[in-house]
Amino acid sequence: MKNLKKIMVVLFAMLLAVTSLPVGTAYAAAPDHIVINQIYGGGGKGKTPFSNSFIELYNPTDSEISLSDYRITYSSNRENQDGKHAGSTWQSDGTVEVKELSLAGSIPAKCSYLIRCAAEDTSVAVVSLDQADMDWNQVIDNDQSVEVILYKGTDKIDAISTRTTDFQDIGEGSAPATTDISKQKSLRRTNFADTDNNVADFCLLVWNNIAEAEKEAFIAANRPRSLADGAWTEDTTGGSAEPQIVINEVESNGDVTDWVEIYNAGITPVDISGWYMLDNDPVKHAKDVTPVAEGTVLNPGEYYVFDQNIHFSFGLGNPDQATVFNKDGVKIAEYAWENHANGVYARIPDGTGEFQDVEVSTKGTANQGTEDEGNTEDPSVETIEWPGKGEITVFDKEPTFLEDASGLDFYNGQLYAVDNGTGKFWILDVAEDGTLSFAKGFENGKRVRFQKDAENPDAPGPDTEGITVDGNGFVYVASERDNNAKGVNYNTILKVDPNAEGYDLTALQEWDLTASLPQVSANMGIEAVEWVSYANVEGKLWDQNTKAAFDPALYPNAVAEGVFFVALEDNGHVYAYILNQDGSVVQIADIDSKLGGAMALDYDTYEDVLWVVADNGYGNRAAKVTLTGQETVKIVHVAPPSGLDVAKNNEGFAIADASYTKDGQRPVYRFEDGVKSGALKIGSLACDYKENTEDPENPGPSTEDPVKDPENTPDPGNSGANNSGAGSSANGQAGQKEVPSQNDGTVRAAKTGDGADLNLWVLLSVGSFLIFCVAVMRMLKYR
């Protein structure tokens, strides 16, 4: 019997090695040198699963190895602050700052060696690193691209990089698909393998999405180990290594495509190559499926979506079921339903909860209602109550907009609103009393088009998440992907003339920001864009390229006489850009809002602050960012109004100009995604603005029509189908004043954040009108 047990143990171990499913199993096919086994960066902020950042080494050989001639180097593309953040963005000579640590001691055979890095002071750590073999007061970044290299003398022994382009040639193939390490993720070597290909050798461990029932086993299996833990053995995993793949969310009726999301609720990576999904007619539809691509691995806490027209060509019906099979035809998971969901069927919480009919889908991301890192406030940042009244009213009590409401912007007495599913935007006039009505020609909105789709009206178009207006009235939208390729992140800004004729507005210019931003999933890209006049950022915004306060004279080829801020949903950072006339971009600032995620931006020139606003994934909280002219900005977090349902997916945010203040409150607008009615909500913000009718420096909203001289208005170019050429300038040479086409010419109050001098314009318009009246009277007199 004992021999039989031994045989069974050996066979089971061989099975695990062949399938490559468990992490931290025995050391099969071990390398002949020390390897980097796991790295984690908390970035020195917020809610982290570990008490410290760390680097774990492992000796896979059968002999003890001395570390007397070994050293670790660390680099990141983050600005060096207080000696803790190594590296910086690329320098003009191609170099980057490198931090170095000389190692000491030795590593016995089959043991780990733990380098405990800087403490996460604000952590609420799940794992406390009480034992370490060496301490290094070095923060490992969590949302920056990093490289860790192990040297023996001058010879590189091993390396891990999360950059798509290495600081130096580390000879380890492509970077892992994770790209950037977040504070809830670590990179862990799979089964101690070292094929000199980081993509194949490392997996991503997501520490905040592990099912509660599996958390203890997951920590035991994947926590960093030190010399004190001794040699690794077959039972080091500390729990079951069997995969736990479940169907986590089902969309059968209400999206562009039907889809089924699976989730790894276990503690080990799972190779899902060749897996496929069938409905309740598996015989008929057996030939209508496309298996998952070879080499696809689903790590613990990650999601994978079987999408219609990609993985299957049939539709999901009512009633129906979804069954997931592995490449050998073995049933892995199944879920059936009698009726279509009103929204989607989703497990709450992820992986272990019962299926519920929830209103908003979260395709490929954590289900709403699941505990998420973003719902916890960063204790290092002051949080204040909403500085205004709590009441919220609704504009569209009947279906008015589409169901993919996203960005908002306030400009010249008008509210701009954009839909991300169609690229459509609307303009609403805001009366002096706050009443909203659609502007002429925008009752049904207008649609923004990529230049490549100018001749193809059926193309899905840009996924327009954000909208802003420059000082001349041109509209810019932020798109995180082309809806024709929804699975690919494509962060772009498109410029259109809102007054151009026609329903479809082809972009006058396009700027691609994708390569200059962290690589993220398709639906976690730029969610907002905000144009801010030079007058509001000159000398205030810190320029990371010049290491000094921003000077617009250094960017002579910029468009729009302003800086464009974009917000990245994935990490809550705000990136400032110069958009050049030739279609190129220059990133000049990276500001961490410390919200965890961001959906909207608005620059308030009255208070001189940049508002960064999150959605329900982060409690609908906001951050007020004050630019100081220094590298460090001032950040205050703001709780949502008491009357705002924080469970709702409010993506758009805009503040009315201060001149709309009534009874000490001015309007604040929010735009909810995923609803047919009740999308546009109106709240208020306390404001001490008081209109002085005798002071021309403080005009209130005007309702008079200006006198326009169309012969002296530059033509911004054609926004129709004939406009083409990515990055081309719409109206010619640099320095020429560019304004949109004229429509009905209604005067609007200055935008919150436009910096325009409306006063002089009003005086000139009134003067011109008086001269015109005098001329007409003289003509009548002598007629």
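## Strand β2 and its neighbours

Strand β2 and strand β7 (residues 112-119) run antiparallel and are joined by six bridges, and within this pairing Leu 57 stands opposite Tyr 113 in β7. The model described here is a predicted one. Strand β2 also pairs with strand β1 (residues 35-40), again in the antiparallel sense, over five bridges, and here Ile 39 is the residue that stands opposite Ile 55 in β2.

How many of the residues of β2 are buried? Seven of the seven are, so the strand is largely enclosed by the rest of the structure. In a regular strand the side chains alternate between the two faces of the sheet. In β2, Asn 52, Phe 54, Glu 56 and Tyr 58 point one way, while Ser 53, Ile 55 and Leu 57 point the other way, and all of them are buried.

## The chain as a whole

The protein chain contains five helices and 47 strands. Of its 783 residues, 55% count as buried, and the accessible surface of the chain comes to about 32,700 Å², with 49% of that area belonging to carbon and sulfur atoms.

When the contacts in the chain with a separation of 6 or more are considered, 63% of them are accounted for by residues 24 or more positions apart. The aromatic pairs described next include examples that link distant parts of the chain, one of them being Phe 410 with Tyr 660.

## Aromatic pairs

A search of the whole structure finds 28 aromatic pairs. In one of them, Tyr 58 and Trp 232 meet edge-to-face, with 6.0 Å from centre to centre and 80° between the planes. Tyr 58 belongs to strand β2 (residues 52-58), whereas Trp 232 lies in the loop between α3 (212-222) and β13 (245-251), so the pair ties together parts that are 174 residues apart in sequence. Both Tyr 58 and Trp 232 are buried.

Another pair is formed by Phe 410 and Tyr 660, whose ring centres are 5.5 Å apart and whose planes stand at 80°; since planes over 60 degrees apart count as edge-to-face, this pair is edge-to-face. Phe 410 is in strand β25 (residues 405-411) and Tyr 660 is in the loop between β45 (650-655) and β46 (665-672), with their positions 250 residues apart in the chain. Phe 410 is buried, and Tyr 660 is buried as well. Elsewhere, ring pairs link Phe 395, Phe 401, Trp 426, Phe 438 and Phe 671 into a cluster.

## Charged groups over rings

Some rings also have a charged side chain over them, and one example is Tyr 151, where Arg 71 lies over the face of the ring at 4.2 Å from its centre. In a second example, the charged end of Arg 670 sits over the ring of Trp 386, 5.2 Å from the centre of that ring.

## Strand β21 and its hairpin

Five of the five residues of strand β21 (residues 344-348) are buried, so this strand is largely enclosed by the rest of the structure. Both of its faces are covered, with Val 344, Ala 346 and Ile 348 buried on one side and Tyr 345 and Arg 347 buried on the other.

Strand β21 runs antiparallel to β13, to which two bridges join it, and Ala 346 in β21 is the bridge partner of Glu 249. Five bridges join β21 to β22, and these strands also run antiparallel, with Tyr 345 standing opposite Asp 357 in β22. Together β21 and β22 form a hairpin with five residues between them, and Gly 351 in the turn has a positive phi of about 85°.

## A glycine in a loop

Gly 364 lies in the loop between β22 (354-358) and β23 (383-384), and at 31% relative accessibility it counts as partly exposed. Leaving aside its neighbours within four places in sequence, Gly 364 is in contact with Glu 261, Tyr 303 and Val 305. Gly 364 and Tyr 304 are 60 residues apart in sequence, and their C-alpha atoms are 6.2 Å apart in space.

## An open sheet of four strands

Four strands form an open sheet in the order β35-β38-β39-β40, with antiparallel pairing. At its edges stand β35 (526-533) and β40 (585-592), each with a single partner strand, so one side of each is left without a neighbour in the sheet. The twist from one strand to the next averages 25°. Strand β35 pairs with strand β38 (residues 562-568) in the antiparallel sense over seven bridges, and the bridge partner of Trp 531 is Phe 564 in β38.

Note on methods
Residues are numbered from 1 along each chain as its sequence is written. This is a predicted model: local features need pLDDT of at least 70, side-chain atom pairs count only at pLDDT 80 or more; totals for chains, interfaces and linings use all residues. Side-chain values use heavy atoms; hydrogens and water are left out. Rings of Phe, Tyr and Trp (its six-membered ring) pair if their centres lie within 6.5 Å; planes under 30 degrees apart count as stacked, over 60 as edge-to-face and the rest as tilted. Buried means under 20% relative accessible area, exposed over 50%, partly exposed in between (1.4 Å probe, protein chains only). A charge sits over a ring if NZ of Lys or CZ of Arg is within 6 Å of the ring centre and within 35 degrees of the ring normal. Contact means heavy atoms within 4.5 Å. Accessible areas come from the Shrake-Rupley method with a 1.4 Å probe; for residues, only the protein chains shown count as cover. Two strands pair if DSSP finds at least two bridges between them. Axes are lines fitted to C-alpha atoms, for helices over the stretch in contact, and angles run from 0 to 180 degrees between N-to-C directions.
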